[in-house]
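Biologist: Could you take me closely through one part of this chain, namely the salt bridges and the acidic and basic side chains that form them? I would like a connected account that I can follow against the model.

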Amino acid sequence: LRRGWAHPGWFASAGNAASRMSIELQPEAWMYAGVRIDLHQPTPDGSALTVGGRVAELFESRRYHFAVCELAVHEATLGPVASMRTTFVYALR
């Protein structure tokens, strides 16, 4: 079924890319733990989107580091279209 809306899974991929640019993660040592996506409105397919955000939390256990990023997705004419909270887990060296 074609609706003409951007697929919400794309937001998670964009969020991962934005988060990895903010946290020094070794490619072989990190795991994606999960994402919570809140969709605010349908986003037309082909829209130019901007993803921005911040590292909200960094914490660790004896074996792992955790990073939590909060991100927002904006479309130029619609404004905010989604918000995300992404969690990464990575091993200590």
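Modeller: What follows is a walk through the salt bridges, and then a look at one further acidic residue. Please keep in mind throughout that this is a predicted model, and that the distances and accessibilities I quote are computed from it.

A search of the whole structure finds four salt bridges, and I will describe three of them here. Starting with Arg54, this residue pairs with Glu70, and the closest N and O atoms of the two are 3.0 Å apart. The pair joins distant parts of the chain, since Arg54 belongs to strand β2 (residues 49–60) while Glu70 belongs to strand β3 (residues 64–75), with their positions 16 residues apart in the numbering. Neither partner is buried: Arg54 is partly exposed, with a relative accessible area of 48%, and Glu70 is also classed as partly exposed, at 29%.

Strand β2 contributes Glu57 as well, and Glu57 forms a salt bridge with Arg85, where the closest N and O atoms are 2.5 Å apart. Here too distant parts of the chain are linked, because Glu57 lies in strand β2 and Arg85 in strand β4 (residues 79–91), 28 residues apart. Glu57 is partly exposed, at 34% relative accessibility, and Arg85 falls into the partly exposed class with 25%.

Arg85 also meets Glu70 through their side chains, in a salt bridge with an N to O distance of 2.6 Å. That pair connects strand β3, where Glu70 sits, with strand β4, where Arg85 sits, and the two residues are 15 apart in the chain. Taken together, Arg54, Glu57, Glu70 and Arg85 are linked in a network of salt bridges, and you can trace it in the model from Arg54 to Glu70, from Glu70 to Arg85, and from Arg85 to Glu57.

Strand β3 holds another glutamate to look at, Glu75. With a relative accessible area of 11%, Glu75 counts as buried, because that value is under the 20% cut-off. Its side chain reaches the backbone nitrogen of Thr77 at 2.8 Å, and the side chain of Glu75 likewise reaches the backbone nitrogen of Leu78 at 2.8 Å. If its neighbours within four places in sequence are set aside, Glu75 is in contact with Ser47, Ala48, Leu49 and Val81.

Terms used. Residues are numbered from 1 along each chain as its sequence is written. This is a predicted model: local features need pLDDT of at least 70, side-chain atom pairs count only at pLDDT 80 or more; totals for chains, interfaces and linings use all residues. Side-chain values use heavy atoms; hydrogens and water are left out. Helices (H or I, at least four residues) and strands (E, at least two) are DSSP runs, numbered from the N terminus. Buried means under 20% relative accessible area, exposed over 50%, partly exposed in between (1.4 Å probe, protein chains only). A polar contact is a pair of N or O atoms within 3.5 Å; within protein, one must be able to donate a hydrogen and the other to accept it, and residues adjacent in sequence count only if both atoms are side-chain atoms. Contact means heavy atoms within 4.5 Å.
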